[in-house]
Amino acid sequence: MGVYHRKTGTPETAVRFFEQALQDCDPSWLRGRVFANWGVLEHRRGNLVAARRLYQDALNCCSQPLEDEKAVVRLCINFAWLHVQQDRGVQADTLLRRARSLMAKYPDDAMLECRYHLAMGRAAMAGKRLAKAEVDFVQAIRVVQKLDFFEPVLLAQCRAALANCYSVQAFGQLDGSETRRDGMERGEQAENLFQEAFELLEGADQADSLEAIEALSLAVDHSIRTAHWEAAETRVQKLLELVTALEHLEIGLRISAWERATQILRQVGKSQLAERAQRRHTALIQEQRAKATTLREAPSGEPKESSPVQEPPLPEPPPPAEPTPEEPKPSRAPVLRKANKADSSAKDPKTRLPRKPPPP
């Protein structure tokens with residue numbers, strides 16, 4: 001029921017069913033599936049911190065012992081994409097290598113193959129490996145188009161990712177006179193792919209989802225590269241509406257959206273709106289730093305401000321006790337007494353030796 005409500009767009013109801021399922025199921029691999037589906041829900045809501053924690057719990061449950069290999073492959077692919085979104089390329093590559101080692105057992109799972117190539121392409125884009133990313137994105141589109149059923153959201157993701165790859169290639173080719181024509185063709189291909197991705201998302205009633213935010217962000221970057229500022233302004237306005245509407249969206253995605261808005265509004269000459277966007281961007285950065293400071297200072301879950309940072313007040317000293325004969329002398333006294341022993345015996349009349357009597 002949790003998966004049903006996740007797909008039908010009632011996330012709060014889905015969360016309640018996931019919580020109930022965790023209380024009722026005992027096998028570790030079954031709990032791992034619950035964590036995985038819950039993680040997908042939070043991931044698509046843009047709550048990347050919660051999704052990362054749930055993916056990790058799911059991976060631990062499904063891997064000890066390894067009873068559901070296909071679930072582990074799906075988890076590694078989803079988890080790798082989340083790491084790419086949070087600029088953790090090393091962790092993403094590690095998870096994709098693990099997924100590749102297990103995928104050989106499922107050669108007929110086209111959906112799994114498509115998601116794997118899409119994740120590999122995204123990781124390659126993050127590492128500036130454009131040729132490798134293009135190959136993976138094209139292969140992902142070929143596989144998803146051969147599915148027995150229509151998957152518009154996945155196809156839209158693949159097209160938007162390939163469009164971003166073409167856009168970056170075009171930006172590098174427009175500078176040279178010999179490659180300028182190729183760059184213009186790549187730019188047109190990227191624009192067409194973005195339009196197709198938006199149409200697919202709207203047809204699937206996913207125009208306000210995280211996938212739409214990602215596609216819009218990539219399209220805004222494409223408009224900035226090609227200096228199409230009017231199209232960039234229209235798209236960034238839609239992007240700001242989406243990032244404001246999603247309640248649990250990661251703050252880093254909001255910061256990126258307002259940063260793009262500031263740049264575009266300045267280019268089109270709307271200085272007042274640009275200043276407002278800049279203030280909003282600065283406020284989000286300060287909020288992000290405050291949250292990071294709180295997490296860093298309170299690793300055990302309690303804020304550092306609640307813990308004592310000053311020494312407790314010292315108690316009042318007790319009244320001085322009267323000296324007793326049994327109390328030891330100060331540490332320097334024995335040394336002085338030992339050093340002056342010979343002199344004091346010679347000067348003290350009680351301890352002076354008697355003189356010998358004179359001879360008769």
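Reader: Leaving aside its neighbours within four places in sequence, which residues is His 222 in contact with?
Author: Good place to start; bear in mind that this is a predicted model. Once the neighbours within four places in sequence are set aside, the contacts of His 222 are Ser 167, Gly 187, Ala 190, Glu 191, Phe 194 and Arg 235.

Reader: Which side chain does a polar contact of 2.8 Å join to that of His 222?
Author: Let's place the histidine: His 222 belongs to helix H11, which covers residues 210-225. Its side chain makes a polar contact, 2.8 Å long, with the side chain of Ser 167.

Reader: Is His 222 buried or exposed?
Author: A residue counts as buried when its relative accessible area is under 20%. For His 222 that area is 3%, so the residue is buried.

Reader: And across the protein, what share of the 360 residues is buried?
Author: For a wider view, the protein has 16 helices and zero strands. Of its 360 residues, the buried share is 40%.

Reader: What fraction of contacts between residues at least 6 apart in sequence join residues at least 24 apart?
Author: This takes two sequence separations. Start from the contacts between residues at least 6 apart, then keep those that join residues at least 24 apart; the fraction is 56%.

Reader: How many aromatic pairs are there, and is the pair of Tyr 55 and Phe 79 tilted or stacked?
Author: The count is two aromatic pairs. In one of them, the rings of Tyr 55 and Phe 79 lie 5.7 Å apart, centre to centre, with 55° between the planes. Planes under 30 degrees apart would be stacked and over 60 edge-to-face, so this pair is, by its angle of 55°, tilted.

Reader: Which helices does the pair of Tyr 55 and Phe 79 link?
Author: This pair joins distant parts of the chain, 24 residues apart. Both Tyr 55 and Phe 79 are buried. Tyr 55 sits in residues 48-63 and Phe 79 in residues 69-85, which are helices H4 and H5.

Reader: Why is the pair formed by Phe 194 and Phe 198 assigned the label it has, and what is that label?
Author: The ring centres of Phe 194 and Phe 198 are 6.5 Å apart, and their planes meet at 20°. Planes under 30 degrees apart count as one class, so the label is stacked.

Reader: In which helix do Phe 194 and Phe 198 both lie?
Author: Phe 194 is buried, as is Phe 198. They are four residues apart, about one turn of the helix, and that helix, residues 180-203, is H10.

Reader: What residue has its charged end over the ring of Trp 81?
Author: Here a charge sits over an aromatic ring. At 3.7 Å from the ring centre of Trp 81 is the charged end of Arg 122.

Reader: How many of the 17 residues of H5 are buried?
Author: From first C-alpha to last, H5 reaches 25 Å, close to the 24 Å expected at 1.5 Å a residue. H5 is also mostly covered, and of its 17 residues the number buried is 14.

Reader: Which residue with a positive phi follows H5?
Author: Look in the loop between H5 and helix H6 (89-103). The residue there is exposed, with a relative accessible area of 73%. Its phi is near 60° although it is not a glycine, and it is Asp 87.

Reader: Where is Lys 128, which has a positive phi?
Author: Lys 128 is not a glycine, yet its phi is about 65°. With a relative accessible area of 71%, Lys 128 is exposed. Its place is in the loop between helix H7 (110-126) and helix H8 (130-145).

How values were computed
Residues are numbered from 1 along each chain as its sequence is written. This is a predicted model: local features need pLDDT of at least 70, side-chain atom pairs count only at pLDDT 80 or more; totals for chains, interfaces and linings use all residues. Side-chain values use heavy atoms; hydrogens and water are left out. Helices (H or I, at least four residues) and strands (E, at least two) are DSSP runs, numbered from the N terminus. Buried means under 20% relative accessible area, exposed over 50%, partly exposed in between (1.4 Å probe, protein chains only). A polar contact is a pair of N or O atoms within 3.5 Å; within protein, one must be able to donate a hydrogen and the other to accept it, and residues adjacent in sequence count only if both atoms are side-chain atoms. Contact means heavy atoms within 4.5 Å. Rings of Phe, Tyr and Trp (its six-membered ring) pair if their centres lie within 6.5 Å; planes under 30 degrees apart count as stacked, over 60 as edge-to-face and the rest as tilted. A charge sits over a ring if NZ of Lys or CZ of Arg is within 6 Å of the ring centre and within 35 degrees of the ring normal. The expected span of a helix is 1.5 Å times one less than its number of residues.
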